[in-house]
Amino acid sequence: MNLIMRYINNRAHFTIAEIQREFKISRATAIRDISEIQAMGFPLTTELGRGGGYNVLQNQYLPAVRLTTEELKAIFISFIASKNSQLPYLQNRRSITEKLIGIASQTQQDELIELNNILLFENTNPANPNLLELDDAAPAELNQLISFAVRDKHLRLTYEQSPGWPQLMDVYLLHIFNSNAQWLVEVYDFDADEFRYLPVEMLRDSAISEREMKWSEQEILSKKRLRARESNLVVKLDATGIQRFKRMHPPGIILSFTGMFQSSGIFNVQLDVADVTALAYYADWLLFLGKGIEFERIPDELRVILEQRLNRCIRQLE
């Protein structure tokens, strides 16, 4: 890396391709080394566009970071809110917290410590107030998955749904999200021609795919929009329904807010009406959402199950 630093220090502008040719390294390695050099404080600015690259700010020094008391509180509170929520790169929380406390004055330190004692969030554990505790780490594969995805969303995943039965998948990654305290990745499976939600904890040996993409990103997104319009279950929620939705919902369902202050929302699902188990599960869940829902579209098979459940409840009350 020192050689790369000396190389770019004598230039006003350079590109990743030039670094690759000069040092005979891969694009991924070049990007990683430049990112580490930037993190060390080397004054580089990014130039976007086809002919873009990096500009070197000669004789420029990055100013020391100065945070106000309110800014320190804002960052510290976000850390408190993240306790016991399985975050990626969680091992960095310890060092960041220590640095925040280190740059704070004695009065600010006292206030931050007191904030840690008095503030409780829904996902935190009052029996474990230690902000530096790292027992809530996310799946080990998550950090690697994120590192690959920010460089290239066309990935090769090894999905092990059952121990000892790995499945190799060529996918395009759409989202990584946390649902019901579980990390999931939403992907388009090129071979199966379907969108899937995979638990991150069941992934093994992720890597950037070396295959040529069958469809472009825009074509994949168009497929997703088309299938969303063809969904056979479309449900509107009021504020009460939204609160219950947040408490529990099937993996992969995305709630779109339609009202101000998240007062209303809508979601859509494509259900397999031949899957009796799935229909029964959705019937129970929709009943859990309560009267704060309105059906815009619902398959007849699911409607029948809901009516049977409701009629059974009415008979039990009589």
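Here are two short exercises, with worked solutions, on a predicted model.

**Exercise 1. How do helices H4 and H6 pack?**

Task: Describe how the axes of H4 and H6 cross, and find which residues meet.

Solution:
- Start with the two stretches: H4 covers residues 69-81 and H6 covers residues 106-118.
- Next, look at the axes, which come within 10 Å and cross at roughly 30 degrees.
- Angles under 35 degrees count as roughly parallel, so H4 is roughly parallel to H6.
- The hand of the H4 and H6 crossing is right-handed.
- Now list the contacts: from H4, Thr69, Leu72, Lys73, Phe76, Ile77 and Ile80 meet Gln108, Glu111, Leu112, Leu115 and Asn116 of H6.
- Sorted by class, this contact of H4 with H6 holds six nonpolar, three polar and two charged residues.

**Exercise 2. Which aromatic rings pair up?**

Task: Count the aromatic pairs, then work out the geometry of Tyr188 with Phe190 and of Tyr282 with Trp285.

Solution:
- The count of aromatic pairs comes to nine.
- Take Tyr188 and Phe190 first: their centres are 5.3 Å apart with 85 degrees between the planes. Planes over 60 degrees apart count as edge-to-face, so this Tyr188 and Phe190 pair is edge-to-face.
- Check the surroundings: both Tyr188 and Phe190 are buried.
- Tyr282 and Trp285 are also edge-to-face, at 6.0 Å centre to centre and 85 degrees between the planes.
- Both of these, Tyr282 and Trp285, are buried too. They sit in helix H10 (residues 276-289), three residues apart, about one turn of the helix.
- Finally, follow the ring pairs outward: they link Tyr282 and Trp285 with Phe245, Phe267 and Tyr281 into a cluster.

How values were computed
Residues are numbered from 1 along each chain as its sequence is written. This is a predicted model: local features need pLDDT of at least 70, side-chain atom pairs count only at pLDDT 80 or more; totals for chains, interfaces and linings use all residues. Side-chain values use heavy atoms; hydrogens and water are left out. Axes are lines fitted to C-alpha atoms, for helices over the stretch in contact, and angles run from 0 to 180 degrees between N-to-C directions. Helices (H or I, at least four residues) and strands (E, at least two) are DSSP runs, numbered from the N terminus. Angles under 35 degrees count as roughly parallel, over 145 as roughly antiparallel, 65 to 115 as roughly perpendicular and the rest as oblique. A crossing is left-handed if the near helix is turned anticlockwise from the far one by less than a right angle, and right-handed if clockwise. Contact means heavy atoms within 4.5 Å. Ala, Val, Leu, Ile, Met, Phe, Trp, Tyr, Cys and Pro count as nonpolar, Asp, Glu, Lys and Arg as charged, and the others, Gly among them, as polar. Rings of Phe, Tyr and Trp (its six-membered ring) pair if their centres lie within 6.5 Å; planes under 30 degrees apart count as stacked, over 60 as edge-to-face and the rest as tilted. Buried means under 20% relative accessible area, exposed over 50%, partly exposed in between (1.4 Å probe, protein chains only).
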